Every structure is written in structure tokens, then in C-alpha cells.
Amino acid sequence: MVVADAAGLKRYGLILQKQPGTDGMPVKVNLILPAQARLISASPSPTIQSGAVLEFDLQLDEDQQIEVIYALAP
């Protein structure tokens, strides 16, 4: 997990690593943005976005990465 600050934007990154020799498996990640945050972009696109909650449904048959960029309200 990484949270970085650049030009007033926050970047959150998460890497999910598949373990060698294991079958791919479904993974659900729920990410809750901080209060007053505004989503700028997300990769991959969340499966569901409800208010500050982003839900990602991934298939872990290879390493996966989530990146979310958001801004905090002044």
C-alpha cells in the first residue's frame, strides 16, 4: 500500500500478488475514501462505487494492481 501526495492530489496504490503454484482466485477489495474526498481516477475502474466506497472485483490469476487518485476538499 502506498499513499503519495503530489500537486494537491493523493495517490493510493495497492499491489495484490498471486502466489506461485496456486490457482487464480476471485478477490474483492473495498476501499473507503477519506471524508470530503473527490475521486479523480481509478484503475481498474471500480465494479461498484457508492459514495466514498469503491469496490473492486478482481481475478487473481496474475499479479493485480489498483491505483486510485483523489483530491481532498479544501
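**Entry 1: Q64.** I began with the surroundings of Q64 in this predicted model. Setting aside neighbours within four places in sequence, I found Q64 in contact with L14, I15, L16, L58 and Q59. I then looked up the polar partner of its side chain: the side chain of Q64 reaches the backbone oxygen of Q59 at 3.1 Å. As for its place in the fold, Q64 lies in strand β7, which covers residues 64-72.

**Entry 2: the nonpolar core.** I next asked which residues have the most contacts inside the largest nonpolar core. They are L16, V29, L31, F56, I66 and V68, in a core of 15 residues. I noted that β2 (9-16), β3 (25-32), β6 (53-60) and β7 each give two or more residues to this core. The largest share, four residues, comes from β6.

**Entry 3: L31.** From that core I picked L31 and listed its contacts, again leaving out neighbours within four places in sequence. L31 is in contact with Y12, A52, V53, L54, F56 and V68.

**Entry 4: the open sheet.** I traced an open sheet of three strands and recorded the order β3-β6-β5, with antiparallel pairing. Why is one side of β3 and of β5 left without a neighbour in the sheet? Both strands, β5 being residues 48-50, stand at the edges and have a single partner strand each, so one side of each stays unpaired in the sheet. On average, neighbouring strands of this sheet are turned by 15° against each other, direction ignored.

**Entry 5: the β3 and β6 pair.** I counted eight bridges between β3 and β6, which pair in the antiparallel sense. I also checked K28, whose bridge partner in β6 is D57.

How values were computed
Residues numbered from 1 in each chain as written. Predicted model: local features only at pLDDT ≥ 70, side-chain atom pairs only at ≥ 80, totals over all residues. Heavy atoms only, no water. Polar contact = N/O pair within 3.5 Å; in protein donor to acceptor, adjacent residues only side chain to side chain. Contact = heavy atoms within 4.5 Å. Core = buried A, V, L, I, M, F, W, Y, C linked by side-chain atoms within 4.5 Å. Buried < 20%, exposed > 50% of the residue type's maximum accessible area, 1.4 Å probe, protein only. Pairing = 2+ DSSP bridges. Axes fitted to C-alpha atoms, helices over the stretch in contact; angles between N-to-C directions.
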